[in-house]
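Here's a quick tour of one protein chain, from the residues packed inside to a few odd spots in the backbone. Keep the viewer open as you read.

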Amino acid sequence: RAAWPRAEITAMDLNARAVEFCASTFAARPVVSRQPLWEVSAGDGHDLLWCGSLLTHFDAPDWAPTLSYFRDRVAPGGVVIFTTHGELSIDLLAGEQVGRWSGDYGMGDKAAEMAETARRTGFAFGHYGDTDDPFGLSVSTPEWVRSTVAAVPGLAFVSFSQEGWFGHQDVWTYQVT
């Protein structure tokens with residue numbers, strides 16, 4: 001907000017309190033999300049869409065509709081930036097300590113199998129605990145993300161920063177064509 005005082009900002013999350021915080025702190029238009037995300041009206045024609053740590057909780061079938069939703073909210077020439085759990089997270093699930101990071105994201109007995117699956121196929125998803133909640137934890141290799149996004153028309157690769165968000169999550173940038 002300080003850098004772009006006249007920017008029109010939309011804040012969207014499942015957590016209504018977080019949305020209200022952004023609305024009051026940054027003068028953002030509040031949008032409380034729901035599942036599935038692509039049924040929520042968040043406006044169109046944005047220049048930038050930033051999505052931190054959302055696809056990290058979605059199973060593979062939800063990626064294409066989510067990426068399409070992102071693309072459709074952004075004006076041609078604008079950018080979509082999102083984060084993923086990549087190689088570092090796969091290593092953590094395998095039980096490795098990587099730098100300052102350790103832990104299995106609460107996956108417990110599923111962690112090692114998820115790491116093996118991700119290393120073999122490029123993607124793994126696990127529900128937290130014994131729930132059928134649609135959210136959980138996903139990990140994906142850069143190759144899997146590239147091929148998944150390539151299947152969504154209208155998104156052109158711009159950049160990839162491994163562990164670019166807090167030295168943990170991978171950051172992807174695509175331009176809407």
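## Start at Leu 155

Let's begin with one side of the packing, bearing in mind that this is a predicted model. Skip the neighbours within four places in sequence, and Leu 155 is in contact with Leu 67, Arg 71, Val 80 and Val 149, plus a run of residues made up of Tyr 174, Gln 175, Val 176 and Thr 177.

## Two cores

Now zoom out from that spot. Leu 155 belongs to the largest nonpolar core, which has 25 residues. Along with Leu 67, Phe 70, Val 80 and Phe 82, Leu 155 is among those with the most contacts inside this core. Which pieces of the chain supply at least two of its residues each? They are the strands β3 (46-51), β4 (74-84), β5 (123-127) and β8 (169-176), together with the helices α2 (63-73) and α5 (142-150). The largest share comes from α2, which puts in four residues.

There is another core apart from this one, and it has ten residues. Ala 111, Met 114, Ala 115 and Val 139 are among them.

## The β3-α2-β4 unit

Three of the core's suppliers follow one another along the chain: it crosses from β3 through α2 to β4, and this β-α-β crossover is right-handed. The two strands, β3 and β4, pair in the parallel sense over five bridges. If you'd like a pair to click on, take Cys 51, whose bridge partner in β4 is Phe 82. You've already met Phe 82 as one of the residues with the most contacts inside the largest core.

## Backbone oddities

Have a look at the loop between β2 (29-32) and β3, where Pro 36 is found. The peptide bond leading into Pro 36 from Gln 35 is cis, with omega near 0°.

Two other loops hold a residue with an unusual phi for you to check. Tyr 105 is not a glycine, yet it has a positive phi of about 60°. Tyr 105 lies in the loop between α3 (87-93) and α4 (111-121). Phe 166 also has a positive phi of about 60° without being a glycine, and its place is the loop between β7 (155-165) and β8.

Are these two aromatic residues buried or exposed? Tyr 105 has a relative accessible area of 24%, so it counts as partly exposed. Phe 166 comes out at 61%, so it counts as exposed, the cut-off for that being over 50%.

Note on methods: Residues numbered from 1 in each chain as written. Predicted model: local features only at pLDDT ≥ 70, side-chain atom pairs only at ≥ 80, totals over all residues. Heavy atoms only, no water. Core = buried A, V, L, I, M, F, W, Y, C linked by side-chain atoms within 4.5 Å. Buried < 20%, exposed > 50% of the residue type's maximum accessible area, 1.4 Å probe, protein only. Contact = heavy atoms within 4.5 Å. Pairing = 2+ DSSP bridges. Right-handed = clockwise from strand over helix to strand, strands pointing away.
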